[in-house]
Amino acid sequence: LLHYDLPEWGEWPERTKTIQRNWIGRSEGAEILFRIEELDVDVPVFTTRPDTLFGATFFVLAPEHPLAGRLVEGRPEEAAVRAYMAAAARESAAERGDAERAKTGVFTGRYVVNPVNGEPLPVWVADYVLMDYGTGAIMAVPGHDERDFAFARAHGLPVRRVIAAEGVDPEAPVEEPEPGAGRLVNSGFLDGMEVDEAKRAVSAWLEERGLG
């Protein structure tokens, strides 16, 4: 069995905490657990957009994530994933964070389970995710995030919209709407809620079930 424990905020290296404060400041959101059933592992993700959980169509680990190498040990994907991890280690965070840069990545052959609907999400390793940001893992929501959208388009992954707003091009990613700018769709029990209401509702739902 693999056991992955995320340190509490006070246990993070000071460099990481400084980067968090200077780069993103204080963020409010939810920490959500995504399960890899075959390994009996829960992978935490911090997101400011828990309302878009039903829109997640894939999952991404930073190349430095402690779980990345373990996922592919002894598997056909191991050589490609380890080569990608080594290449990413030679690049700077600034290079990897460049919004205009082509979105590269490699599939691990593993899947996590979306806790809100049980959907399996393919796990990729990609250098646009940084270990110093959040937990080093993201739920990718290409319908509502520009970087995830670019990655999905580059790798043939599905795009699912879960927020309907007037005048939004369904083929383009959208940034976080202002409160009241859209309502949830394709989102089960969140359907019809405004964004802020959905954030609170899904966070409470996850917490009640020990899933976040």
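A polar contact is a pair of N or O atoms within 3.5 Å. This model is predicted, and one such pair sits at the start of helix α5: a side-chain oxygen of Asp145 comes to within 3.1 Å of the backbone nitrogen of Arg147.

**Helix α5**

Helix α5 spans residues 146-155, and its buried residues are Asp148, Phe149, Phe151 and Ala152. Seen down the axis of α5, these buried residues fall within an arc of 165°, so they line one face of the helix. An α-helix has 3.6 residues a turn, so residues three or four places apart point the same way. The cover over the buried residues of α5 includes strands β3 (58-61), β5 (120-125) and β6 (137-140). Just after α5, Gly156 has a positive phi of about 65°.

**The core and Phe58**

The largest nonpolar core holds 52 residues. Phe34, Phe58, Phe59 and Leu61 have the most contacts inside this core. Helix α6 (residues 195-208) gives the largest share, 5 residues. Leaving aside residues up to four places away in sequence, Phe58 touches Asp148, Phe151 and Ala152, among others. Its other partners include Leu121, Trp124, Met139 and Leu157.

**Positive phi outside glycine**

Two loop residues other than glycine take a positive phi.

| Residue | Phi | Loop | Relative accessibility |
|---|---|---|---|
| Asp40 | near 55° | between β1 (30-36) and β2 (41-47) | 33% |
| Asn186 | about 50° | between β8 (183-184) and α6 | 52% |

Exposed means over 50% relative accessible area, and buried under 20%. Asp40, at 33%, therefore counts as partly exposed. Asn186, at 52%, counts as exposed.

Notes: Residues numbered from 1 in each chain as written. Predicted model: local features only at pLDDT ≥ 70, side-chain atom pairs only at ≥ 80, totals over all residues. Heavy atoms only, no water. Core = buried A, V, L, I, M, F, W, Y, C linked by side-chain atoms within 4.5 Å. Buried < 20%, exposed > 50% of the residue type's maximum accessible area, 1.4 Å probe, protein only. Helix = DSSP H or I, 4+ residues; strand = E, 2+ residues; numbered from the N terminus. Contact = heavy atoms within 4.5 Å. Arc of directions from axis to C-beta. Polar contact = N/O pair within 3.5 Å; in protein donor to acceptor, adjacent residues only side chain to side chain.
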